[in-house]
Amino acid sequence: MKIEPQHVVSLTYDLYVNQEDGTEALVESATLEQPLTFLYGAGQMLPKFEENLSTLSTGDGFDFRLAAQDAYGEYSDEAVASLPKDMFAGTDMPEVGAILPLQDNQGNRFQGQVVSVAEDSVIVDLNHPMAGQELHFKGNIVNVRPANPEELSHGHAHGPDGHHSH
Ligand SMILES: [Zn+2]
C-alpha cells in the first residue's frame, strides 16, 4: 500500500549524525520488533521527514538526509537560560550534563541540559540535543494501512495493528 495522509505507517530506521572525525554515528533505531508507527500527515513527525517518504509503499527502502534547518534547527548560542538555584530548593542540585524536564508559562514541556552550576544559578542549554545536526535516515517501510476512525479522531496511531487502546 502507498503512503498517504490518513494512513498509519510503520517503519524501521537507523538515524546517523556526522561526527567531527568525518564518520557517522548511529544515534537512534527503530527495529522490526518495535517499528516507529505514526499517523502520516498529522503533524507528528518533522515535515521534511514525511516529505521524503511521500512516494513510498510497503516494502520500500529509504536513505535520505535532512539539513539541520529541516530537522531540529541550527544550534543557537542564545538558547541558554540561567535558572535561580532557589528553583531546586528541597531537591538535589542538578549536576553538569543532567537533562532537566522544564515547563514554560503556557505549559509546554521541554528539556534543558545543565552546562554549568554557578554560585546562585544553574546554566541550562535549551537547544534540542540534535540542533545543528544533519540527520541521515536509512530504513524500510514495514506496513501501511488506512487509519481507523478512532485513530483519526485522536490524531495519532494506536500501534502497528491499531488495537492499542487508551
Ligand atoms: Zn488515541
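The following legends describe an overall view and several close-up views of a predicted protein model.

**Conventions.** Residues are numbered from 1 along each chain as its sequence is written, and side-chain values use heavy atoms, with hydrogens and water left out. Because the model is predicted, local features need pLDDT of at least 70 and side-chain atom pairs count only at pLDDT 80 or more, while totals for chains, interfaces and linings use all residues.

**Figure 1. Overall view of the predicted protein, with two helices and nine strands.** Helices (H or I, at least four residues) and strands (E, at least two) are DSSP runs, numbered from the N terminus. The order of elements from the N terminus is β-β-β-α-β-β-β-β-β-β-α. The radius of gyration is 19 Å, well over the 15 Å that the globule rule gives for 166 residues, so the protein is more spread out than a compact globule. This radius is taken over C-alpha atoms, and the globule rule is 2.2 Å times the number of residues to the power 0.38. Along the principal axes, the C-alpha atoms fill a box of roughly 60 × 45 × 25 Å.

**Figure 2. Surface, burial and contacts of the whole protein.** The accessible surface comes to about 10,100 Å², and 47% of this surface belongs to carbon and sulfur atoms. Accessible areas come from the Shrake-Rupley method with a 1.4 Å probe; for residues, only the protein chains shown count as cover. Of the 166 residues, 33% are buried. Buried means under 20% relative accessible area, exposed means over 50%, and partly exposed lies in between (1.4 Å probe, protein chains only). Among contacts with a separation of 6 or more, 63% are made by residues 24 or more positions apart; contact means heavy atoms within 4.5 Å.

**Figure 3. Charged side chains of the protein, 7 positive and 26 negative.** Lys and Arg count as positive and Asp and Glu as negative, whereas His and the chain ends are not counted. The centres of the two sets lie 6 Å apart. For this purpose the place of a charge is taken as NZ of Lys, CZ of Arg, CG of Asp or CD of Glu. A search of the whole structure finds four salt bridges, each defined as a side-chain nitrogen of Lys or Arg within 4 Å of a carboxyl oxygen of Asp or Glu.

**Figure 4. Close-up of the salt-bridge network that links Glu24, Arg65 and Glu134.** Arg65 forms a salt bridge with Glu24, with the closest N and O atoms 3.1 Å apart. This pair links distant parts of the chain, with Arg65 in strand β4 (residues 61-66) and Glu24 in strand β2 (residues 24-30), 41 residues apart. A salt bridge also joins the side chains of Arg65 and Glu134 (3.4 Å, N to O). Arg65 lies in strand β4 and Glu134 in the loop between β8 (121-125) and β9 (135-146), so this pair ties together parts that are 69 residues apart in sequence. Arg65 is partly exposed at 44% relative accessibility, Glu24 is partly exposed at 29%, and Glu134 is partly exposed at 31%.

**Figure 5. Close-up of the salt bridge between Glu151 and Arg145.** The closest N and O atoms of the two side chains are 2.9 Å apart. Both residues are buried, and Arg145 has a relative accessibility of 14%. Arg145 is placed in strand β9. Leaving aside neighbours within four places in sequence, Arg145 is in contact with Met1, His7, Val8, Glu151, Gly159, Pro160, Asp161 and Gly162.

**Figure 6. Close-up of Gly159 in the segment after α2 (149-154).** Beyond its neighbours within four places in sequence, Gly159 is in contact with Val8, Thr37, Arg145 and Glu151. Gly159 and Gly139 are 20 residues apart in sequence, and their C-alpha atoms are 18 Å apart in space.

**Figure 7. Close-up of Glu50 in helix α1 (residues 47-53).** Glu50 is buried yet has no salt bridge, and the nearest side chain of opposite charge, Lys2, is 12 Å away. Apart from neighbours within four places in sequence, the contacts of Glu50 are with Phe38, Leu39, Tyr40, Gly41, Ala42 and Met45.

**Figure 8. Close-up of Glu4 in the segment before β1 (7-18).** Glu4 is partly exposed, with a relative accessible area of 40%. Glu4 and Ser54 are 50 residues apart along the chain, and their C-alpha atoms are separated by 7.0 Å.
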